[in-house]
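Got the viewer open? Load the model, pick a cartoon style, and we'll walk through it stop by stop.

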Amino acid sequence: MSDTHPVQALLFDYGGVIAEEGFASGLMALATEQALRVNLLDEGMQKHDSFVRLRFYAELNDFLLPWQQQTNFHQRFEQTPSVKDLIESVGIPHTEIRLILVDSKPVDFNYAVKHKDHISIYPAFKRLDISTISKTQPSPLSTLSFVLDTHLGKLARHLRMLGLDTAYKNDFNDEELAHISACERRIRLTRDRNLLKRKVIEHGYFVRETDAVAQLKDIVLHFRLKHKIQPFSRCIVCNGQLRRIDKKRIQHQLHPMTRQHYEDFKQCKNCGKVYWKGSHYVKMNTTLSTILSET
Ligand SMILES: [Zn+2]
């Protein structure tokens, strides 16, 4: 291994335990990339065009056209774009990317693309710590919190149900959302990939699913939230924190049937909304159990 590049050495070190999607094939690609010669002319490509060879791994393929998925393909470029701009021109927001290798060496987003570069692009690794080699990792967050686009209201309620700090209003405009994400260091969740390409957004995630429960499951898995959640600790309406409250203090607000059948209550510190373990709680608990058993 003495003449192996450090990145390749690291990959080989992990070779015995890698089950990461795409990573085994990434290993093969790395080992053979330097021996391969670029196929000069893809269909329609002219001799004088500048081009690079791209390969995207794992879930980054979700953003690609079918013919670009799980394979190497050539991408033309003009002048000297940064690798970030080139990758985003293919349709992948920078927030989804955790490692870029150019001819097997890690580069940052500002790397100026050169003719015939072989570029491999990876998303977050689920089990492998690449912080020592990656040059595209965003600065770490001290706390995990989210801000959601206006069309993700149901997901916002589900995240709050898990006790996750979730900023959401159905009338936030794009400027406000970008500002909140940047200033409050919240992870922006959106179904619009173009909004994640904004430079000001450092932490973001493209929500792939359309069903709110499937979305929640995907987010719990992606951000490894299973052991961080505190169900029913946050107000679903306003994101405020809940505290236990003596029934005597709020019983005048309760419906007679609720007053008769329930003893334990919580109240939002922010908006005053009162919660108890009624039918809504049972329904949410069922959703929660399903998610936790499947993640
Ligand atoms: Zn509230």
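Helices here are DSSP runs of H or I with at least four residues, strands are E runs of at least two, and both are numbered from the N terminus. Keep in mind that this is a predicted model. Colour by secondary structure: counted that way, the protein has nine helices and 12 strands. Of its 295 residues, 25% are buried. Looking at contacts with a separation of 6 or more, 62% join residues that are 24 or more positions apart.

**Helix α3**

Now select residues 83–90, which make up helix α3. Which residues of α3 are buried? Show side chains for V83, K84, L86 and I87, and you have them. They share one side of α3, because the arc they cover around the axis is only 165°. Next, add β2 (73–77), β3 (99–102) and β5 (118–122) to the selection: the buried residues of α3 pack against these strands. Before leaving, click on G91, which follows α3 and has a positive phi, near 115°.

**The β10-β11-β12 sheet**

Move on to an open sheet of three strands, ordered β10-β11-β12 with antiparallel pairing. Highlight β10 (242–245) and β12 (274–275): these are the edge strands, each with a single partner, so one side of each has no neighbour in the sheet. Then select β11, residues 265–268, and follow its antiparallel pairing with β12, which runs over two bridges. What stands opposite K266 in β12? Label Y275 and you'll see the residue facing K266.

Notes: Residues are numbered from 1 along each chain as its sequence is written. This is a predicted model: local features need pLDDT of at least 70, side-chain atom pairs count only at pLDDT 80 or more; totals for chains, interfaces and linings use all residues. A residue is buried if 20 or more other C-beta atoms lie within 10 Å of its own, exposed if 12 or fewer, and partly exposed in between; C-beta atoms are placed from the backbone. Two residues are in contact if their C-beta atoms, placed from the backbone, lie within 7 Å. Two strands pair if DSSP finds at least two bridges between them. The arc is that of the directions from the helix axis to the C-beta atoms.
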